[in-house]
Amino acid sequence: MGARAMTVVRIPTPLRSYTRAATVNATGCTVAEVLVDLDHQFPGLRFRMVDEQGRLRTHMKVFVDLDLCRDLSTALDGTQEISIMQALSGG
């Protein structure tokens with residue numbers, strides 16, 4: 001396992017009640033590890049994104065740079081930026 005790289009993570013407005021910031025830093029060698037680190041820093045955030053089976057919730061999207069990421073085991077090297085997007089619904 002390589003060194004844990006620092007990754008910039010863009011947080012969507014609906015989740016900023018956890019982070020109080022539009023961008024935060026997290027460490028991890030995979031997207032899943034970054035989400036775990038985010039949850040250590042901002043308890044409850046990961047549960048809003050990942051279900052009990054460890055999969056992204058259907059209304060969540062994660063982009064690594066500009067590429068949609070559905071596999072949380074996607075490796076990171078510290079040069080990428082993660083953007084989290086949350087679909088909104090209403091009537």
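In which strand is Ala26 found? In this predicted model, Ala26 belongs to strand β2. With a relative accessibility of 0%, Ala26 counts as buried. Outside the residues up to four places away in sequence, Ala26 touches Ala5, Met6, Thr7, Val9, Val34, Asp37, Leu38 and Gln41. One of these partners, Ala5, lies 21 residues from Ala26 in sequence, with 8.2 Å between the two C-alpha atoms. The surroundings of this residue are described below, beginning with the overall fold.

The protein chain contains 3 helices and 5 strands, which follow one another along the sequence in the pattern β-α-β-α-α-β-β-β. The radius of gyration of the protein chain is 12 Å, close to the 12 Å that the globule rule gives for 91 residues, so the chain is as compact as a globular protein of that length. The C-alpha trace spans about 45 × 25 × 25 Å along its principal axes. Of the 91 residues in the protein chain, 41% are buried. Where contacts between residues at least 6 apart in sequence are considered, 46% of them join residues at least 24 apart.

The strands form an open sheet of 5 strands in the order β2-β1-β5-β3-β4, and the pairing within this sheet is mixed. β2 and β4 occupy the edges; each has a single partner strand, so one side of each is left without a neighbour in the sheet. On average, neighbouring strands of the sheet are turned by 35° against each other, direction ignored. Both senses of pairing involve β5. β1 and β5 run parallel and are joined by 3 bridges, whereas β3 and β5 pair in the antiparallel sense over 5 bridges. In the parallel pair, Val8 has Glu81 of β5 as its bridge partner, and Arg10 has Ser83 of β5. On the antiparallel side, Val64 stands opposite Ile82 of β5.

Met85 is also placed in strand β5. At 46% relative accessibility, however, Met85 counts as partly exposed. Apart from residues up to four places away in sequence, Met85 touches His59, Met60, Lys61 and Phe63. Pro14 is 71 residues from Met85 in sequence, and the C-alpha atoms of the two residues are 9.3 Å apart.

Helix α2 lies across β1, β2, β3, β4 and β5, and runs at about 115° to β2. Its buried residues are Val31, Glu33, Val34, Leu35, Asp37 and Leu38. The elements that cover these buried residues include β1 (6–10), β2, α3, β3, β4 (67–69) and β5. Val34, Asp37 and Leu38 of this buried set are also among the residues that Ala26 touches.

In soluble globular proteins, nonpolar side chains tend to be buried together. Here, the largest nonpolar core has 22 residues, and those with the most contacts inside it are Val9, Val31, Leu38, Met49, Ile82 and Ile84. At least two residues of this core are supplied by each of β2 (23–27), α2 (31–41), α3 (45–49), β3 (60–64) and β5 (81–86). The greatest contribution comes from α2, which gives 4 residues. Val9 illustrates how residues of separate elements meet in the model. When its neighbours within four places in sequence are set aside, Val9 is in contact with Ala22, Thr23, Val24, Ala26, Val34, Leu38, Ile82 and Ile84. Among these partners of Val9, Leu38, Ile82 and Ile84 are likewise listed with the most contacts inside the core.

The cysteines were examined for possible cross-links. A disulfide is a covalent bond between the sulfur atoms of two cysteines. The structure holds 0 disulfides. For Cys29, the closest cysteine sulfur is that of Cys69 at 15 Å, which is too far for a bond. The converse also applies, since the cysteine sulfur closest to that of Cys69 is in Cys29, 15 Å away. Both residues are nevertheless withdrawn from the surface: Cys29 is buried, with a relative accessible area of 12%, and Cys69 counts as buried at 4% relative accessibility.

How values were computed. Residues are numbered from 1 along each chain as its sequence is written. This is a predicted model: local features need pLDDT of at least 70, side-chain atom pairs count only at pLDDT 80 or more; totals for chains, interfaces and linings use all residues. Side-chain values use heavy atoms; hydrogens and water are left out. A nonpolar core is a set of buried Ala, Val, Leu, Ile, Met, Phe, Trp, Tyr and Cys residues joined through side-chain atoms within 4.5 Å. Buried means under 20% relative accessible area, exposed over 50%, partly exposed in between (1.4 Å probe, protein chains only). Contact means heavy atoms within 4.5 Å. A disulfide is a pair of cysteine sulfur atoms within 2.5 Å. Two strands pair if DSSP finds at least two bridges between them. Axes are lines fitted to C-alpha atoms, for helices over the stretch in contact, and angles run from 0 to 180 degrees between N-to-C directions. The radius of gyration is taken over C-alpha atoms; the globule rule is 2.2 Å times the number of residues to the power 0.38.
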